[in-house]
Amino acid sequence: MKFARRMEALKASEIREILKLIENPDVISFAGGLPAPELFPVEEMKKVSVAVLEEDGQQALQYSATEGYRPLREKIAKRMEVIGIGTTADNILITSGSQQGLDFSGKVFLDEDDVVVCESPSYLGAINAFRAYSPKFVEIETDEDGMIIEDLEKALAETKNIKMIYVIPDFQNPSGRTWSIERRKRLIALANQYDLPVVEDNPYGELRFEGERPPAIKSFDTEGRVIYLGTFSKTFCPGLRLGWTLGDGELLQKYIFVKQGADLHTNTLTQRELNKFLEMYDIDAHIEKIKDVYRKRRDVMMDSIKKYFPKNVKYTYPEGGLFTWCELPQEMNAREIFLKSIKVNVAFVPGGSFFPNGGKENTFRLNYSMMSEEKIEEGIKRLGKVLQEEMTA
Ligand code: PMP
């Protein structure tokens, strides 16, 4: 059988493969990026589901508008104000998770061999979504404040066929880092200068444990070139597959056309259920509960890393979100460490695959949202021992 050329670039995600390996319940897993299921509002959702079916059963099971359920879009538009985005329901398209917005971004902007500029490292799920459109990737180094703007400037000046800039400015996956306000502004200035769209992917911004939430990159956009992707996966539940794409006029219209071809519209029932939840309950109180749990888990992970990891392991300190990112001495290989650590029932994701052009095999990502505080300490202790042994070997 002959497949399309694009299939050559697509392979199983390393994370998915690792997740299969660690189905064993004895494994302490820092590998996935899954929200803690004990925080899902199951009882509330039972009531919400009954209410939706009793009040609007027929409509809730019918085809619906491609753009999404308007009352839900209105509520999302309102929620955007806290990060400086003044918008209306008309600028919001409901998608099947923000992952669908990433796929659509590829479809809207990328032809074969076009260039995506992204952070180095970047979200594997986005890299894979874009790969389906056979682009090239230009990675820009990042530090504690986001992309190094001088490197971005140079890349924009020297590279042909750049079609879009993709960034995760808040508690980045995988690095856990957050862009400073100054870098956000400078990014917009450059995007304006080079007439490029910016895809701002922000699933974690609402999970801030300390400090002030910075304004979105979109809030500095005066030319309608930023597409903001949001999701309820981390603040509510990922199984509903509810996200949104926020963009201006003609640009959003392109996403709506693509959405029509992909799946006509997002699940009508779950959109109405979420909307009903937002009417019946206080989602911000729910998010506070999630943050309390994750903050404690983050603290235990950071304290344990400090206590048990060899001193020459570098790591980021996330002020929110789900991940920290570790860097081993240059000559070490995190894939090899992974094979040793899985023998003591501890899993994580080696960092190599977060670099679309390869390299940096001395890095790995740790997630702290899924495991209890006890397990986090025990897992980091075991991993610390593996690292120690490897370094003295
Ligand atoms: N973007 C980033 C940076 C992510 O980490 C994730 C989920 N891991 C997504 C997008 C997709 O999330 P969802 O489709 O569940 O909204």
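**Notebook: cores, helix H7 and the ligand shell**

I began with the nonpolar cores of this predicted model, and I found that the largest one has 58 residues, with Tyr-166 and Val-198 making the most contacts inside it. I then looked up which element supplies the largest share of this core, and it is helix H5 (residues 124-131), with five residues. Apart from this core I noted another, of 30 residues, which includes Leu-207, Phe-364, Ile-376 and Leu-383.

Next I followed Val-198 to its contacts: leaving out residues up to four places away in sequence, Val-198 touches Ile-165, Val-167, Leu-187, Ala-191, Ile-217, Arg-225 and Val-226.

Two of these names led me to helix H7, where I listed Arg-183, Arg-184, Leu-187, Ile-188, Leu-190 and Ala-191 as the buried residues. Looking down the axis of H7, I see these buried residues within an arc of 165 degrees, so they line one face of the helix. On the other side of H7, I noted that Glu-182 and Gln-193 are exposed. I also asked what covers the buried residues of H7, and the cover includes strands S5 (146-147), S6 (162-167) and S7 (198-201) as well as helix H6 (149-158). H7 itself (residues 181-194) has 14 residues and reaches 20 Å from its first C-alpha to its last, close to the 20 Å expected. Just after H7, I recorded a positive phi of about 55 degrees at Asp-195.

Last, I turned to the ligand, which 14 residues surround, the closest being Gly-97, Ser-98, Gln-99, Thr-231 and Ser-233. Helix H4 (residues 97-109) gives the most to this shell, with three residues, and by class I noted four nonpolar, nine polar and one charged.

Notes: Residues numbered from 1 in each chain as written. Predicted model: local features only at pLDDT ≥ 70, side-chain atom pairs only at ≥ 80, totals over all residues. Helix = DSSP H or I, 4+ residues; strand = E, 2+ residues; numbered from the N terminus. Expected span 1.5 Å × (residues − 1). Buried ≥ 20, exposed ≤ 12 C-beta atoms within 10 Å, placed from the backbone. Arc of directions from axis to C-beta. Contact = placed C-beta atoms within 7 Å. Near = placed C-beta within 6 Å. Nonpolar A, V, L, I, M, F, W, Y, C, P; charged D, E, K, R; others polar. Core = buried A, V, L, I, M, F, W, Y, C linked by C-beta atoms within 7 Å.
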